[in-house]
Each structure stands twice: as C-alpha cells, then as structure tokens.
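Thanks for sharing this one. Here are my notes, set out as numbered points to read beside the model.

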Amino acid sequence: MGKEETAAGAAPRPAGPEGSGERGGAARQAKESHGDPRPCCGCRFPLLAALGQLALGAAVAVLGFLMAGVSSSLLVRDTPYWAGLLVCVVALLGLVMLCVSYQPDEKTCIQFAIKVAYFLLSALSLIVCVLAVAFAAYCYSQITQFTCETITEACQCKLETVDPLSRTFMYKNVSDCTDITNTFNLYLLIQIVLNLLAAIVGFTVCFVMWKDRYQVFYVGIWLQSLTTTEVQQQKV
C-alpha cells in the first residue's frame, strides 16, 4: 500500500526530448508569426509629412488661381500659386521616394540622388513659402489702409486720400471694390496661414531627413524591422 500511495502522489515528469521539442516548436511558430519585415507605407512619419505637403501645396495653388481671377491687374507676387505648385512637386517626389524606391541605406546612386533632390527641394520650398507669407502680409497691410471707389469696370484705391501725391492702385475687371477690400483680403489671410503651415512642414522634412542620415534618428524604418532588431538585441 505504501508503494502505491507513493506512486500515486508522485507528479509525472515529461521526458527531456519531448519538452525540448515543444519549446522548439513554439519558437518556430513565433518566428513564422513575425515573418520577414515588409515595407509598411503608413508606418513612416516622412510619408505623413509628404502627404501634408501635397495637401497644403494643392490648397495654396488652387487659392492662388482663385485670387488671380479676382482682377487682371494683380501682381504675380500677390497670387502665390507658384509656391503651391513647387510644394506639390516636392511632395510628389517625396511620395515616389518613400513608397516606391525607399531603402534605409542607399544602395544605388539613383536612390541617393532622389534623397538629395527631395532634401534640397524641401529646403527651397521652405524659403519660397516664407517669401509668399511676406508678400501676402505686405499686400494685406496695404489693402487695410485703402480708400477705394468704383470706376467703370475698375476699382481705384488710394493709400491716403488727403495727399494728392499718394500712390494710386488701379484694379481692372472688378465690378465692385468689395472684391478687393473684402474677398481678396480674406484670401490673403488664408494664404498666410497655409504658407506658414507649408513652411513648417518643409522644415520638419529637412530636419527629419538630416537626423535620419547623420544622427541615427529612427524615422522611416519599418515597425516590424524595429521589433525584430529589439528581439535580437535581447537575445544577445
């Protein structure tokens, strides 16, 4: 009886080869579940910045063309559709680089050239957007001081009505001066905001690319590859 109680109370021990086989199978299943790291276009912050550039550039360009349609006498600097077109070109180049030919390390001269072009054009778009903001702010400050009167299919505005030598601005193809003092003024304010946002996004793109290239700033790397690297470092 004592022998039977001892045998019943003893816990069963798994055989060594079976236990190791189970552990090996679990490890293989974990590796298969992780799989090979694959590119994920939505996981990278620079892609979001490029999409933001595209949206802001399109908005600036469309609004600039609307502003140009208010009057045929408006200067090119006062209708900054050119800034929006440049930002759109930069954004499309960034999307091509990030979604088609992106590699963490440059393996060909073409990839390196695309990255350099994207960086330089982003810096150029930053400067152009700042210029557009300056021109729009200057024009807005002038229009707020205008005293306008409607002439036949034109709007004549003066800065100072008391001074006979004050500068006179003539806007042709305008049926009502409110198109200049109200509508065009509102367009200028929107242009200031949009170009400021585009300049901030362009600066962010340049900063991120510089950090990623020279200071090991992990942006633009796939999430799955990062988790795989962390697992390998833990194992070591």
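1. Let me begin with the surface as a whole. The accessible surface of the protein comes to about 14,700 Å², and carbon and sulfur atoms account for 64% of that area. Please keep in mind throughout that this is a predicted model.

2. Next, the overall make-up. Of the 236 residues in the protein, 33% are buried. The protein has seven helices and three strands, and along the sequence they follow the pattern α-α-α-α-α-β-β-β-α-α. If you take the contacts between residues at least 6 apart in sequence, 68% of them join residues at least 24 apart.

3. One spot on the outside deserves a look. Phe112, Val116 and Leu120 make a nonpolar surface patch of about 260 Å². Phe112 belongs to helix α5, which covers residues 109-143. Its relative accessibility is 41%, so Phe112 counts as partly exposed, because the partly exposed class lies between 20% and 50%.

4. Now to the hairpin. Strand β1 (residues 147-151) and strand β2 (residues 154-158) run antiparallel and are joined by five bridges. As an example of the pairing, Thr147 has Lys158 in β2 as its bridge partner. Two residues sit between the strands of this hairpin, where Glu153 takes a positive phi near 50°.

5. How many disulfides does a search of the whole structure find? There are two. As a reminder for anyone joining us from another field, a disulfide is a covalent bond between the sulfur atoms of two cysteines.

6. One of the disulfides is formed by Cys148 and Cys157, with their sulfur atoms 2.1 Å apart. The link between Cys148 and Cys157 is right-handed, with 110° about the S-S bond. The two partners have unlike surroundings: Cys148 is partly exposed at 24% relative accessibility, whereas Cys157 is buried with a relative accessible area of 0%.

7. A disulfide also joins Cys155 to Cys177, with an S to S distance of 2.2 Å. The torsion about the S-S bond of Cys155 and Cys177 is about 120°, so this disulfide is right-handed. Cys155 lies in strand β2 while Cys177 lies in the loop between β3 (168-172) and α6 (178-214), so the pair ties together parts that are 22 residues apart in sequence. Cys155 is buried, with a relative accessible area of 0%, and Cys177 also counts as buried, at 7%.

8. Two further cysteines are worth a glance. Cys88 counts as buried at 16% relative accessibility, and Cys139 is buried with a relative accessible area of 5%.

9. Finally, is Gln156 buried or exposed? Gln156 counts as buried, because its relative accessibility is 17% and the cut-off for buried is under 20%. Gln156 has its place in strand β2. Setting aside neighbours within four places in sequence, Gln156 is in contact with Thr147, Cys148, Glu149 and Ile151, and also with Thr168, Phe169 and Met170. When you look along the hairpin, it helps to remember that side chains in a regular strand alternate between the two faces of the sheet.

Definitions and conventions. Residues are numbered from 1 along each chain as its sequence is written. This is a predicted model: local features need pLDDT of at least 70, side-chain atom pairs count only at pLDDT 80 or more; totals for chains, interfaces and linings use all residues. Side-chain values use heavy atoms; hydrogens and water are left out. Patches are made of residues with over 30% relative accessible area and no salt bridge: like charges are joined within 9 Å, nonpolar side chains (Val, Leu, Ile, Met, Phe, Trp, Tyr) within 5 Å. Accessible areas come from the Shrake-Rupley method with a 1.4 Å probe; for residues, only the protein chains shown count as cover. A salt bridge is a side-chain nitrogen of Lys or Arg within 4 Å of a carboxyl oxygen of Asp or Glu. Helices (H or I, at least four residues) and strands (E, at least two) are DSSP runs, numbered from the N terminus. Buried means under 20% relative accessible area, exposed over 50%, partly exposed in between (1.4 Å probe, protein chains only). Two strands pair if DSSP finds at least two bridges between them. A disulfide is a pair of cysteine sulfur atoms within 2.5 Å. Contact means heavy atoms within 4.5 Å.
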